[in-house]
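Here is a short, friendly walk through a structure you may not have met before. Take a moment to turn the model around, then read on.

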Amino acid sequence: HVEYEWTTNIDLDDIFISVKTTQKYHDSRLKAIVKTWFQLARDQVWFFTDYEDDAYQNLTNHHMVQTNCSRGHFRQGLCCKMNKEFDFFLSTSKKFWCHFDDDNYVNIPTLVRVLKEYHAYQDWYLGKPSISSPIEIFLNPAIKSLESKKRAKDNQENQKIKFWFATGGAGFCISRALAIKMMPLASNGKFVTIGDKIRFPDDVTLGFIVEYLLKVPLTVVNSFHSHLERMDHIDVDSFRDQISFSYANIKDDWNVVRIDGFDAGEDPYRFFSLHCYLFPYFDYCKNRSLL
Ligand code: UDP
Ligand code: MN
């Protein structure tokens with residue numbers, strides 16, 4: 001049990017930021033994060049990976065957590081990492097847990113500023129859906145076993161249930177109060193168990209727990225962005241107001257933010273250029289060189 005103060009004013013140090021990663025992305029995705037936005041929150045950001053990496057322990061203020069979760073882009077390993085992120089948050093005294101993927105750029109001051117609008121002693125599930133209607137899934141006996149008695153009586157097997165979920169690849173935040181309610185359902189491996197029952201990815205599993213089982217609605221915060229959106233639709237003039245950005249490349253088509261700066265060869269994800277736009281006092285920004 002940890003003591004924490006239920007004061008309303010959120011500062012950076014009240015936020016636990018977890019980033020999901022995997023061995024094969026340390027030298028590419030993680031490297032770009034470590035040199036950019038991680039430097040603005042070295043004590044608050046933790047990386048959840050699947051490999052002991054001494055080099056990255058040194059670069060990340062010893063914030064690499066070897067989860068022992070399985071590698072690979074499969075539900076079990078991904079839910080396992082999300083479970084470890086959640087358990088880690090519970091073991092701290094932080095007021096908000098914010099999760100991001102390793103292809104997110106997080107605009108730290110804006111994240112803090114937005115969270116100041118919410119109280120950690122209330123239930124908050126903040127994020128952004130990537131689909132325009134709630135997901136619908138069929139109730140199977142495994143899912144029905146998780147429902148309240150009343151709901152289990154009202155709902156028929158094979159009936160569809162609907163709920164919203166925040167896209168993991170855009171990032172989301174959960175308040176301490178909500179996390180405490182999630183504890184009996186999600187802590188210590190139980191998140192993985194529920195993922196196995198509903199057989200959907202980790203972010204859908206989280207939406208199911210929060211929106212469907214706990215009845216806490218997702219609050220849509222439009223300043224989270226995943227690469228399911230076109231990054232070049234985000235206007236430069238609004239960059240300061242955005243919480244997260246991302247990138248993806250499918251074949252030769254790069255979905256990246258449109259920003260001048262370093263050449264695409266040295267900054268394919270545009271993270272350094274974006275970072276220098278937001279925080280021009282970094283040395284490599286002043287020197288105009290990433291070498
Ligand atoms: N990831 C992982 N193990 C894998 C592949 C991906 O933990 O084998 C993580 C990755 O580091 C990222 C997230 O899962 O944080 C999403 O992966 P990616 O961006 O490659 O795929 P997407 O789901 O966005 O298409
Ligand atoms: Mn991605």
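Let's start with one small spot: leaving aside its neighbours within four places in sequence, A152 is in contact with K144 and E147. You'll find A152 in helix α6, which runs over residues 149-154. Is A152 buried, exposed or something in between? With a relative accessible area of 26%, A152 counts as partly exposed, since buried would need a value under 20%. Keep in mind that what you're looking at is a predicted model.

Another helix residue to look up is L59, which sits in α2 (residues 54-59). Its relative accessible area is 42%, so L59 is partly exposed. Not counting residues up to four places away in sequence, L59 touches V34, F38 and R42.

Here are two C-alpha pairs you can check on screen.

| Pair | Apart along the chain | C-alpha separation |
|---|---|---|
| L59 and I131 | 72 residues | 36 Å |
| A152 and L139 | 13 residues | 10.0 Å |

**The whole protein**

Now zoom out. The protein has 11 helices and 13 strands, and its C-alpha trace spans about 65 × 45 × 35 Å along the principal axes. For 291 residues, a compact globule would have a radius of gyration near 19 Å, and the protein agrees with that because its own value is 19 Å. Of those 291 residues, 54% count as buried. If you take the contacts between residues at least 6 apart in sequence, 70% of them join residues at least 24 apart.

What about the outside? The accessible surface comes to about 13700 Å², and 51% of that belongs to carbon and sulfur atoms. As for charge, there are 35 positive and 38 negative side chains, with the centres of the two sets 6 Å apart.

**The manganese ion**

Which residues coordinate the manganese ion (ligand 2)? They are D103, through OD, and H227, through NE2, at 2.1 to 2.2 Å. D103 lies in the loop between β4 (96-101) and β5 (104-106), while H227 lies in the loop between β10 (218-220) and β11 (244-246), so the pair ties together parts that are 124 residues apart in sequence. The two also have their own burial labels: D103 counts as buried at 5% relative accessibility, and H227 counts as partly exposed at 30%.

**Two helices with buried residues**

Helix α10 covers residues 271-278, and 7 of its 8 residues are buried, so α10 is largely enclosed by the rest of the structure. The buried ones are F271, F272, S273, L274, H275, C276 and L278. What covers them includes α1 (26-35), β5, β11 and α11 (283-286). You've already met β5 and β11, as they also flank the loops that hold D103 and H227.

Then there's helix α7, at residues 176-186. Which of its residues are buried? They are R176, A177, L178, A179, M182 and A186. Their cover includes the helices α3 (75-91), α8 (190-198) and α9 (202-213), as well as the strands β6 (125-127) and β9 (172-175). After α7 comes N188, whose phi is positive, near 50°.

Definitions and conventions:
Residues are numbered from 1 along each chain as its sequence is written. Chains are lettered from A and ligands numbered from 1 in the order in which they are written. This is a predicted model: local features need pLDDT of at least 70, side-chain atom pairs count only at pLDDT 80 or more; totals for chains, interfaces and linings use all residues. Side-chain values use heavy atoms; hydrogens and water are left out. Donors are N, O and S atoms within 2.8 Å of the metal (3.2 Å for Na, K and Ca); water is not among the atoms, so sites may look incomplete. Helices (H or I, at least four residues) and strands (E, at least two) are DSSP runs, numbered from the N terminus. Buried means under 20% relative accessible area, exposed over 50%, partly exposed in between (1.4 Å probe, protein chains only). The radius of gyration is taken over C-alpha atoms; the globule rule is 2.2 Å times the number of residues to the power 0.38. Contact means heavy atoms within 4.5 Å. Accessible areas come from the Shrake-Rupley method with a 1.4 Å probe; for residues, only the protein chains shown count as cover. Lys and Arg count as positive and Asp and Glu as negative; His and the chain ends are not counted. The place of a charge is taken as NZ of Lys, CZ of Arg, CG of Asp or CD of Glu.
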